[in-house]
Amino acid sequence: MAAWTWRFEKSDGTEVPPAVQPEEFTTQGDAESWIGEQWKALAEGGADQVTLSEDDTVIYGPMSLHAEAAAPQE
């Protein structure tokens, strides 16, 4: 069974410990739902971005945890 994991990083890519300990995720949807619920606490705890992996394969990221970075540019 695949293991889905998040890597928590500063904006320069340095790994940081998460402010909220992640669960063990068996599906991509579970991992994404969790990050959707916890992103504010993670950002407040010092993480700037996250990367999602399935086992040893990066699925996507880094993805910013800062709302202003995700806002469309005008």
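Start by selecting Pro62, which lies in strand E3. This is a predicted model. Now add Gly61 and look at the link between the two. The peptide bond from Gly61 to Pro62 is cis, with omega near 5°.

**The whole chain**

Zoom out and switch to cartoon. How many helices and strands are there in the chain? Count 2 helices and 3 strands. Trace them along the sequence and the pattern reads β-α-β-β-α. The radius of gyration is 12 Å, close to the 11 Å that the globule rule gives for 74 residues, so the chain is as compact as a globular protein of that length.

Draw a box along the principal axes. The C-alpha atoms fill roughly 40 × 25 × 20 Å. Turn on the surface next. The chain exposes about 4,800 Å², and carbon and sulfur atoms supply 49% of that area. Of the 74 residues, 27% count as buried. If you plot a contact map, take the contacts between residues at least 6 apart in sequence. Among these, 49% join residues at least 24 apart.

**The sheet**

Hide the helices and keep the strands. In which order do the strands of the open sheet lie? The order is E1-E2-E3, and the pairing is antiparallel. E1 and E3 (57-64) are the edge strands, each pairing on one side only. Look down the sheet to see the turn from strand to strand. Neighbouring strands are turned by 20° against each other on average, direction ignored.

Now isolate E1 and E2. These two strands pair in the antiparallel sense over 6 bridges. To pick out one of the bridges, select Arg7 and its partner in E2, Thr51.

**Two stops on strand E2**

Stay on Thr51, in strand E2. Is Thr51 buried or exposed? At 8% relative accessibility, under the 20% cut-off, Thr51 counts as buried. Show the neighbours more than four places away in sequence. Thr51 is in contact with Thr5, Trp6, Arg7, Glu9, Val58, Tyr60, Gly61 and Pro62. Gly61 and Pro62 are the pair joined by the cis peptide bond from the opening view.

Move to Ser53, also in strand E2. Ser53 is buried too, with a relative accessible area of 13%. Leaving aside neighbours within four places in sequence, Ser53 is in contact with Ala3, Trp4, Thr5, Val58 and Ile59.

**The loop after E2**

Select Asp55, in the loop between E2 and E3. Check the backbone torsions here. Asp55 has a positive phi of about 55°, although it is not a glycine. At 43% relative accessibility, Asp55 counts as partly exposed.

**The helix over the sheet**

Bring H1 back into view. Which strands does H1 lie across? H1 lies across E1, E2 and E3, and runs at about 25° to E1.

Select Trp39 in helix H1. With 29% relative accessibility, Trp39 counts as partly exposed. Beyond the neighbours within four places in sequence, Trp39 is in contact with Leu65 and Ala67. Put a distance label between the C-alpha atoms of Trp39 and Ser64. These residues are 25 apart in sequence and 9.4 Å apart in space.

**The core**

Finish inside. Show the side chains of the largest nonpolar core, which has 14 residues. Which of its members touch the most other members? They are Trp6, Phe8, Trp34 and Ile35. Colour the core by element. Strand E1 (4-9), helix H1 (28-44) and strand E2 (49-54) each supply at least two of its residues. The largest share, 5 residues, comes from H1.

Last selection: Ile35. What does Ile35 touch, not counting residues up to four places away in sequence? The list is Trp6, Phe8, Leu42, Val50 and Met63. Trp6 and Phe8 appear here again, and both are among the core members that touch the most others. Keep Trp6 selected and add Thr51 to step back to the sheet. Trp6 is one of the contacts of Thr51.

Technical notes. Residues are numbered from 1 along each chain as its sequence is written. This is a predicted model: local features need pLDDT of at least 70, side-chain atom pairs count only at pLDDT 80 or more; totals for chains, interfaces and linings use all residues. Side-chain values use heavy atoms; hydrogens and water are left out. A nonpolar core is a set of buried Ala, Val, Leu, Ile, Met, Phe, Trp, Tyr and Cys residues joined through side-chain atoms within 4.5 Å. Buried means under 20% relative accessible area, exposed over 50%, partly exposed in between (1.4 Å probe, protein chains only). Contact means heavy atoms within 4.5 Å. The radius of gyration is taken over C-alpha atoms; the globule rule is 2.2 Å times the number of residues to the power 0.38. Accessible areas come from the Shrake-Rupley method with a 1.4 Å probe; for residues, only the protein chains shown count as cover. Two strands pair if DSSP finds at least two bridges between them. Axes are lines fitted to C-alpha atoms, for helices over the stretch in contact, and angles run from 0 to 180 degrees between N-to-C directions.
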